[in-house]
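This report describes how selected helices pack together and how two cysteines are joined. Please consult the sequence and the structure shown below while reading.

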Amino acid sequence: MTYPEWLRPGVYGALIGAVSITIVGFSWGGWVTGGQAESMASSRSHDELIAALVPVCVNMAETDSERTAKLASIQEAMSFKRRDAVIATGWATVPGSESPNRDLAQACLAGLDLDAS
């Protein structure tokens with residue numbers, strides 16, 4: 001089967017247009033693949049969950065009977081060891097969980113505002 005000669009520029013234009021739209025969409029249009037969207041959603045939900053659990057950690061710190069001693073040990077720790085010190089206090093272990101959460105411990109440090117006390 002032969003195609004008319006005038007059809008060729010239209011087909012080429014459609015192909016070049018489709019490729020151009022795809023490149024522009026993924027580069028500047030904000031399009032993402034399904035895997036990247038899933039990764040972004042997982043990361044955002046993890047961050048929101050940690051943010052929601054910070055008040056629990058701060059409340060556990062405020063109601064702890066050994067609060068002053070534990071805060072002193074956290075403040076004495078070097079800056080890169082403070083997260084481990086919060087984990088050692090038990091404040092980063094969410095009720096119902098068996099192990100502490102490192103990300104929660106880091107966020108709890110900011111919530112405790114140790115520099116202000």
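Which residue does a disulfide join to Cys57? The partner is Cys108, and the S to S distance is 1.9 Å. The model is a predicted one, and the values that follow are computed from it.

## The disulfide

The structure holds 1 disulfide. A bond of this kind is covalent and links the sulfur atoms of two cysteines. About the S-S bond of Cys57 and Cys108 the torsion is about -85 degrees, so the disulfide is left-handed. Cys57 belongs to helix H2 (residues 34-63) and Cys108 to helix H5 (residues 102-112), so the pair ties together parts that lie 51 residues apart in sequence.

Are the two cysteines buried or exposed? Cys57 has a relative accessible area of 1%, which places Cys57 among the buried residues. Cys108 is likewise buried, at 0% relative accessibility. The cut-off behind both assignments is a relative accessible area under 20%.

## Packing of H2 with H5

The helices that carry the two cysteines also pack against each other. Two packed helices are described by the angle between their axes and by the distance between those axes. The axes of H2 and H5 come within 8 Å and cross at roughly 60 degrees. H2 and H5 are therefore oblique to each other, because an angle of 65 to 115 degrees would be needed for roughly perpendicular and one under 35 degrees for roughly parallel. The crossing of H2 past H5 is right-handed.

On the H2 side, the contact is made by His46, Ile50, Leu53, Val54, Cys57, Val58 and Ala61. On the H5 side, the contributing residues are Asp103, Leu104, Ala107, Cys108, Gly111 and Leu112. Both cysteines of the disulfide are thus part of this contact. By class, the contact of H2 with H5 comprises 10 nonpolar, 2 polar and 1 charged residues.

## Packing of H3 with H4

Helix H3 (residues 67-76) packs with helix H4 (residues 82-89) at an angle of about 160 degrees, and their axes are 8 Å apart. That angle makes H3 roughly antiparallel to H4, a description applied to angles over 145 degrees. H3 and H4 cross in a right-handed sense.

H3 contributes Lys70, Ile74 and Gln75 to the contact, while H4 contributes Arg82, Ala85, Val86 and Thr89. The residues of this contact of H3 with H4 divide by class into 3 nonpolar, 2 polar and 2 charged.

## Packing of H4 with H5

H4 also packs with H5, at an angle of about 105 degrees and with axes 9 Å apart. The two helices are thereby roughly perpendicular. In H4, the residues Arg82, Arg83, Asp84, Val86 and Ile87 meet Arg102, Ala105, Gln106, Cys108 and Leu109 of H5. This contact of H4 with H5 has 5 nonpolar, 1 polar and 4 charged residues. Cys108 of H5 therefore takes part in the contact with H4 as well as in the contact with H2.

Which residues of H4 are buried? They are Ala85, Val86, Ile87 and Thr89. The buried residues of H4 pack against H3 and H5. After H4 comes Gly90, which has a positive phi near 90 degrees.

## Lys70 and two pairs along the chain

Lys70 lies in helix H3. With a relative accessible area of 18%, Lys70 is buried; the value falls under the 20% limit for that term. Apart from neighbours within four places in sequence, Lys70 is in contact with Asp64, Thr89 and Trp91.

Asp47, found in helix H2, is partly exposed, with a relative accessible area of 47%. Asp47 and Lys70 are 23 residues apart along the chain, and their C-alpha atoms are separated by 26 Å. Glu66 is located in the loop between H2 and H3 and counts as partly exposed at 47% relative accessibility. How many Å separate the C-alpha atoms of Glu66 and Thr89, which are 23 residues apart along the chain? The separation is 9.4 Å.

Conventions:
Residues are numbered from 1 along each chain as its sequence is written. This is a predicted model: local features need pLDDT of at least 70, side-chain atom pairs count only at pLDDT 80 or more; totals for chains, interfaces and linings use all residues. Side-chain values use heavy atoms; hydrogens and water are left out. Axes are lines fitted to C-alpha atoms, for helices over the stretch in contact, and angles run from 0 to 180 degrees between N-to-C directions. Helices (H or I, at least four residues) and strands (E, at least two) are DSSP runs, numbered from the N terminus. A crossing is left-handed if the near helix is turned anticlockwise from the far one by less than a right angle, and right-handed if clockwise. Contact means heavy atoms within 4.5 Å. Ala, Val, Leu, Ile, Met, Phe, Trp, Tyr, Cys and Pro count as nonpolar, Asp, Glu, Lys and Arg as charged, and the others, Gly among them, as polar. A disulfide is a pair of cysteine sulfur atoms within 2.5 Å. Buried means under 20% relative accessible area, exposed over 50%, partly exposed in between (1.4 Å probe, protein chains only).
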